[in-house]
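Visitor: I would like a close look at one part of this model. Please take me through it slowly, as I am new to reading structures.

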Amino acid sequence: MKIIPLNAPLGVSIENLSLHGPLNKEQALELCEIINKYQLVLFRKQELTASQQIAFSKALGPVRKRKLPADYFSPASSLETPGIVYVSNIRDRNGIPTGIIPDGEMWFHHDTCYTSEPDRFTMLYAMKVPRKGGNTLWANMYTAWKTLPDALKEQIIGKQALNVYDYATKSRPESKNLSLIEHAWHPAVIKHPFTGKKALFINRLMTCKLEGLSERKSLKVLEPIFDHAEQTCHIYEHHWKPGDFIIWDNLSTTHARTHFNNYDERRLRRSKVSGQTLNT
Ligand SMILES: [Fe+2]
């Protein structure tokens, strides 16, 4: 595979691989190693059906098929191919959303860190992109941890953090009504299960509390760490083009989305590879 580093603190592009045939074992192993090393891989000019995307995903590990909350919009179009979900602001002729996830800007997060086994890989295939905005940003949680001032490191090392996701909100998470929303405790700093490197495993959208501290005191500790982790020196920002396919390591990166106008259509097809229990 021809690997070209992106001009960024993480990520490479691979140019000579078409994804519509499933990967063989050797290619899958090689690609997993590349993702472990570079955290994100971009493939441009791909033409992929939903079932081809699932076949590609399966070659890399067990495909995550999660049941979404019953009252959460999960249209039939997302259910045709198990494991596929559309991330979109497009409504059908009856005004019903054809995709999941709120429209517009989205804060930095690790996918499904509010479950006991957060996803290992997430991948997105761009089908329709807005003229302006709707970019995805990835932050490198290895370098964010490595460069964190010692005084901040000391406040979270060895501690568990509570991650929640309320599908109805796009802002600061709260731990009230835990019985109604998905939540999970994970180490605030993990030892990555595949690379052995330490990575920050907290994020602004979903982490609300640290072990042994009130929510208010937790935020006082967490917010300077989020500010540190979201500096541009840790970030790759991707301006989508139709046909772009990106796969990333969800355990060593966080991702966010920039604002876009709601009348501009955006549609990406998402699939995931399952993760495992995380340790310090
Ligand atoms: Fe996400």
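Guide: What follows goes through the metal site, then the cysteines, then the sheet. The model is a predicted one.

The iron ion is held by three residues: His109 through NE2, Asp111 through OD and His255 through NE2, at 2.2 Å. Read along the chain, these donors fit the spacing H-x1-D-x143-H. Asp111 and His255 therefore come from distant parts of the chain, 144 residues apart. Asp111 sits in the loop between strand 5 (106-109) and strand 6, while His255 belongs to strand 15, which covers residues 253-257. Asp111 has 6% relative accessibility, so this residue counts as buried, the limit being under 20%. His255 has a relative accessible area of 7% and is buried by that rule too.

Next, the cysteines. A disulfide needs two cysteine sulfur atoms within 2.5 Å, and by this rule the count is zero. For Cys113, the closest cysteine sulfur is in Cys208, 10.0 Å away, and that is too far for a bond. Cys208 is likewise in no disulfide, with the sulfur of Cys113 as its nearest cysteine sulfur. Cys113 is buried, at 0% relative accessibility. Cys208 is buried as well, with a relative accessible area of 1%.

Now the sheet. Seven strands make up an open sheet with mixed pairing, in the order 1-2-3-14-6-16-4. Strand 1 (3-5) and strand 4 (85-88) lie at the edges; each has a single partner strand, so one side of each has no neighbour in the sheet. From one strand to the next, the twist averages 25°.

At the strand 1 edge, strand 1 runs antiparallel to strand 2 (residues 12-14), and three bridges join them. One residue to look for there is Pro5, whose bridge partner in strand 2 is Val12.

Two helices pack on this sheet. Helix 1, residues 25-38, touches strand 1, strand 2, strand 3 (40-43), strand 6 (121-128) and strand 14 (245-249). The direction of helix 1 makes about 120° with that of strand 3. Helix 2, residues 50-60, touches strand 4, strand 6, strand 14 and strand 16 (267-273). The direction of helix 2 makes about 30° with that of strand 16.

Strand 6 gives a way back to the metal: strand 6 is in the sheet, and the loop between strand 5 and strand 6 holds Asp111, one of the residues that coordinate the iron ion.

Note on methods:
Residues are numbered from 1 along each chain as its sequence is written. This is a predicted model: local features need pLDDT of at least 70, side-chain atom pairs count only at pLDDT 80 or more; totals for chains, interfaces and linings use all residues. Side-chain values use heavy atoms; hydrogens and water are left out. Two strands pair if DSSP finds at least two bridges between them. Helices (H or I, at least four residues) and strands (E, at least two) are DSSP runs, numbered from the N terminus. Axes are lines fitted to C-alpha atoms, for helices over the stretch in contact, and angles run from 0 to 180 degrees between N-to-C directions. Contact means heavy atoms within 4.5 Å. Buried means under 20% relative accessible area, exposed over 50%, partly exposed in between (1.4 Å probe, protein chains only). Donors are N, O and S atoms within 2.8 Å of the metal (3.2 Å for Na, K and Ca); water is not among the atoms, so sites may look incomplete.
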